[in-house]
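I opened a fresh page for this one. Here is what I looked up, in the order I went through it.

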Amino acid sequence: VIHGPVSIGDNFVAEDDCVVFQATIENNVTVRTGATVAGNFVLREGTIVPESAVVTNQDEADALPIR
């Protein structure tokens, strides 16, 4: 589920059963199965949100792995 307002860059991958709400997604971001991204923050270029992760703020987003 992708629910706005949301801004999504190029090469975005959203796997099964994930939720993206009210975030800015830069290029080459992957949101793995079952993950939730909800809040007014930025997922930086190349970020990978792990399976079943819940990300609700910029500090959590900045701690995620990058390719």
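My entries below go from the whole chain to its core and sheet.

**Ground rules.** This is a predicted model, so I noted that local features need pLDDT of at least 70 and side-chain atom pairs pLDDT 80 or more, while totals for chains, interfaces and linings use all residues. Residues are numbered from 1 along each chain as its sequence is written, and side-chain values use heavy atoms, without hydrogens and water.

**Overall.** I found 10 strands and 1 helix in the chain; these are DSSP runs (helices H or I, at least four residues; strands E, at least two), numbered from the N terminus. The order is β-β-β-β-β-β-β-β-β-β-α. I checked the radius of gyration over C-alpha atoms: it is 10 Å, which agrees with the value near 11 Å for a compact globule of 67 residues (the rule is 2.2 Å times the number of residues to the power 0.38).

**Core.** Buried residues (under 20% relative accessible area, 1.4 Å probe, protein chains only) make up 31% of the 67. The largest nonpolar core (buried Ala, Val, Leu, Ile, Met, Phe, Trp, Tyr and Cys joined through side-chain atoms within 4.5 Å) has 16 residues, and Ile25, Val31, Val37, Leu43 and Val49 touch the most other members. I then followed Val37: leaving out residues up to four places away in sequence, its contacts (heavy atoms within 4.5 Å) include Val19, Phe21, Ala23 and Val55.

**Sheet.** I traced an open, parallel sheet of 4 strands, ordered E1-E4-E7-E10; strands pair if DSSP finds at least two bridges between them. Strands E1 (2–3) and E10 (54–55) are the edges, each pairing on one side only. E4 (residues 19–21) and E7 (residues 36–38) share 3 bridges, and Phe21 stands opposite Ala38 in E7.

Methods. Buried means under 20% relative accessible area, exposed over 50%, partly exposed in between (1.4 Å probe, protein chains only).
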